[in-house]
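This report describes the backbone architecture of one protein model. It starts with the whole chain and then turns to selected strands, hairpins and backbone angles.

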Amino acid sequence: MSVTQTGLKGAARSVCVGWRDMVSQIRDAAELSSQLHGIDGKGYGAYKSISGKYRVGDFILCIDYVQGDPYAAPSKLRVQLDMETAGFPLDIYGNIDRKVGLEDYLLRAFDWFISREVKGHRGSGKSGLIAVDSPGQEVIQRTGVKVSPSRVEVRLVAGLPARGRRVLGYQAEKMLLGELPRVAQGALFYSRLNADNLWRFVLNKENSAELRRELCRRKAVAFVADRAILPRRSGISEEPMSTAQAVPFESPPSLRTEIPLANGGSVSGMLIPEGVTLIVGGGYHGKSTLLDALDRGIYDHVPDDGRERVVTLPQAVKIRAEDGRQVTGVDISFFISDLPNSVDTTAFWTPSASGSTSQAANIMEALEMGAEVLLVDEDTSATNFMVRDMRMQKLVSSDREPITPFIDRVRQLYEEKGVSTVLVVGGSGDYFDVADTVIMMDHYRPVDVTRRARAIAKENPTGRVRESAARLGGVRHRYPDPKSIDPTRKGKVRIRDRGLTTVEFGSENIELDQVEQLVDVSQTRAVGQIIEYARKYLPECSIREALQRVEEDLDEQGLDIISPFSGHPGDFARPRMMEVAAALNRLRSLRLLQGR
Ligand code: ADP
Ligand code: MG
């Protein structure tokens with residue numbers, strides 16, 4: 001009996017259901033053991049016979065899917081433990097933040113015990129592997145562990161061992177009945193875990209989620225705690241820079257606020273108010289590092305990350321130029337109109353956008369999805385999109401320039417739409433005219449220079465004229481043609497990640513390397529599945545409505561629902577719908593329904 005990895009979601013579901021009924025009976029560990037002895041030395045396919053559920057000590061071991069070959073994708077397993085036996089008090093998973101925190105902690109604990117107890121390599125291909133989907137610096141809802149009042153369940157993968165393609169039954173026994181129970185013993189009992197660490201982890205997650213909710217009440221877009229460590233170890237490591245090197249964050253007195261924490265105590269730090277905020281300062285003084293911390297502030301972080309008390313409104317979006325990307329029917333006329341060849345910019349389509357048109361499209365798509373804050377760094381912006389100074393305005397008159405630069409629109413975004421902007425600018429003081437708050441980074445320390453910037457602006461008029469005052473109006477919602485979102489290739493559904501920044505979707509690769517707030521490869525995996533899941537709400541819904549419905553489904557039914565393996569949804573992390581929309585927007589086959 002086995003579940004074959006069929007590409008067709010519906011088919012996979014029905015196979016799983018039938019198969020589940022058949023094996024709902026739980027067998028003894030001794031039976032698994034004698035079966036493994038019995039197939040030792042046989043062809044690899046003999047492993048298929050061990051599918052099923054077994055009682056192994058306190059645990060139930062579910063062998064959900066058996067790989068067909070030692071080199072193929074590994075087998076899928078679950079370990080279950082009754083909550084009563086596991087002993088976690090209800091209080092530690094009593095709300096969604098704590099539950100996500102506990103699940104995440106258990107996943108990390110399981111992973112840690114794997115590295116201690118599992119020998120690893122035991123033959124050809126993936127033989128000997130035992131792995132869970134282990135998290136990084138962020139604490140995100142994941143499918144790797146599921147906690148409920150009735151039980152704790154860990155979803156993992158294992159490489160059933162072989163020499164060449166011959167079953168190594170005795171080695172498999174060591175893995176499944178020796179190593180795996182030892183890992184679970186270490187990781188899944190409340191009484192055996194370090195309760196102080198566990199509670200600290202869970203309450204840390206809850207505290208930062210609450211802190212983020214507090215932003216809204218205080219009409220602020222972000223908060224950066226005093227003593228936060230913002231810089232990372234290196235360009236390829238998300239771990240904090242060592243405390244010996246890093247200059248801890250210290251808020252300027254005028255922006256310092258003390259906020260009570262959900263679980264007692266309080267935290268002081270810099271509160272960035274709504275409106276238009278500039279981060280200025282000399283090169284290499286820490287501007288981009290601060291902005292990066294803000295763009296990650298939509299996520300909760302692990303204790304000691306350095307950014308665990310750095311939070312940003314949940315719908316804050318990093319905006320950048322991204323030349324070469326496709327744009328599908330986006331109304332960018334707020335920024336760009338009258339392109340040569342009378343290209344229509346109210347439904348702008350191009351297979352390869354320029355720096356400025358891509359940045360305009362990124363903003364309009366973010367607004368379409370309900371962005372509350374735009375995070376913009378000059379390092380990754382198109383210069384001509386950001387500003388046109390007085391001299392350039394004189395030389396190239398505005399009837400020859402299709403772009404209304406961001407400087408002439410940023411206040412409108414706030415005043416008409418309530419969308420705030422935090423902008424890193426080292427190069428253009430013209431922006432002083434439109435800013436509410438100006439923060440200067442000086443040797444990695446923020447200084448509130450709002451007054452000085454205003455005074456300078458007053459004494460030194462830029463001589464610029466505002467290029468357009470037309471109102472933004474409503475953001476146009478787009479209705480995709482479901483036929484243009486095809487996850488199949490050669491008749492089979494094919495959706496998978498190719499690392500953090502690429503989703504293979506049908507016969508296309510969706511490139512997400514410029515979508516900076518996608519932070520975990522398990523989110524990337526989920527993005528592809530969510531696009532597929534969202535198709536059921538098309539063509540009736542716009543992109544925004546369809547993804548809102550998906551969000552509601554995920555809130556109500558959990559992240560497991562996006563998995564094509566109903567028996568084992570083990571390696572997804574929840575992305576924002578903002579990033580799912582970003583992926584859909586980068587699907588080159590995407591077409592819109594006409595006339596909607
Ligand atoms: P800018 O955008 O102002 O040019 P960056 O933010 O890129 O500067 O920072 C320049 C360098 O300084 C980076 O290598 C970064 O890791 C480091 N850095 C940033 N903030 C700090 C800090 N608080 N303490 C120590 N080093 C820092
Ligand atoms: Mg920079």
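The sections below go from overall dimensions to individual residues.

## Overall dimensions and composition

The model is predicted. The protein contains 15 helices and 30 strands. Along the principal axes, its C-alpha atoms fill a box of roughly 85 × 55 × 40 Å. A compact globule of 596 residues would have a radius of gyration near 25 Å, and the 27 Å of the protein agrees with that.

Of the 596 residues, 57% are buried. Contacts between residues at least 6 apart in sequence are mostly long in sequence terms: 73% of them join residues at least 24 apart.

## Surface and charge

About 24,900 Å² of the protein is exposed, and carbon and sulfur atoms supply 49% of this area. The protein carries 80 positive and 80 negative charges, and the mean positions of the two sets are 4 Å apart.

## Strand E8 and its partners

How enclosed is strand E8, residues 151-158? Because 6 of its 8 residues are buried, E8 is largely enclosed by the rest of the structure. Strand E4 (residues 75-82) pairs with E8 in the antiparallel sense over 8 bridges. Within this pairing, Gln 80 has Glu 153 of E8 as its bridge partner.

E8 also pairs with strand E5 (residues 130-131), antiparallel and over 2 bridges; here Ala 131 stands opposite Val 157. A further antiparallel pairing, over 3 bridges, links E8 to strand E7 (residues 145-147). Val 147 stands opposite Val 152 in E8, and the hairpin that joins E7 to E8 runs through 3 residues. In a regular strand, side chains alternate between the two faces of the sheet.

## Strand E15 and its partners

Strand E15 covers residues 266-273, and 6 of these 8 residues are buried, so E15 is largely enclosed by the rest of the structure. E11 runs antiparallel to E15 and is joined to it by 5 bridges. Val 224 stands opposite Met 270 in E15.

Strand E14 (residues 256-260) is likewise antiparallel to E15, with 5 bridges between them. Thr 257 stands opposite Gly 269 in that pair. E14 and E15 form a hairpin with 5 residues between the strands, and Gly 264 in the turn has a positive phi of about 95°.

## The E12–E13 hairpin and a contact in space

Strands E12 (residues 232-234) and E13 (residues 237-240) run antiparallel and are joined by 2 bridges. Arg 232 has Pro 240 in E13 as its bridge partner. The hairpin from E12 to E13 passes through 2 residues.

Pro 231 is 61 residues from Asp 292 in sequence, yet their C-alpha atoms are 8.9 Å apart. Asp 292 belongs to helix H7 (residues 287-296). With a relative accessibility of 36%, Asp 292 counts as partly exposed, since the partly exposed class lies between 20% and 50%.

## Less common backbone geometry

Most residues other than glycine have a negative phi, and most peptide bonds are trans. Lys 219 has a positive phi of about 55° although it is not a glycine. Lys 219 is in the loop between helix H6 (195-217) and strand E11 (220-225). Is Lys 219 buried or exposed? Its relative accessibility is 56%, so Lys 219 counts as exposed; the cut-off for that class is over 50%.

Tyr 444 also has a positive phi, near 70°, and is a residue other than glycine. The loop that holds Tyr 444 lies between strand E24 (437-442) and strand E25 (445-448). At 37% relative accessible area, Tyr 444 is partly exposed.

Which peptide bond is cis, with omega near 5°? The bond from Leu 538 to Pro 539 is cis. Pro 539 is placed in the loop between helix H13 (521-534) and helix H14 (543-557).

Key: Residues are numbered from 1 along each chain as its sequence is written. Chains are lettered from A and ligands numbered from 1 in the order in which they are written. Side-chain values use heavy atoms; hydrogens and water are left out. Two strands pair if DSSP finds at least two bridges between them. Helices (H or I, at least four residues) and strands (E, at least two) are DSSP runs, numbered from the N terminus. The radius of gyration is taken over C-alpha atoms; the globule rule is 2.2 Å times the number of residues to the power 0.38. Buried means under 20% relative accessible area, exposed over 50%, partly exposed in between (1.4 Å probe, protein chains only). Contact means heavy atoms within 4.5 Å. Accessible areas come from the Shrake-Rupley method with a 1.4 Å probe; for residues, only the protein chains shown count as cover. Lys and Arg count as positive and Asp and Glu as negative; His and the chain ends are not counted. The place of a charge is taken as NZ of Lys, CZ of Arg, CG of Asp or CD of Glu.
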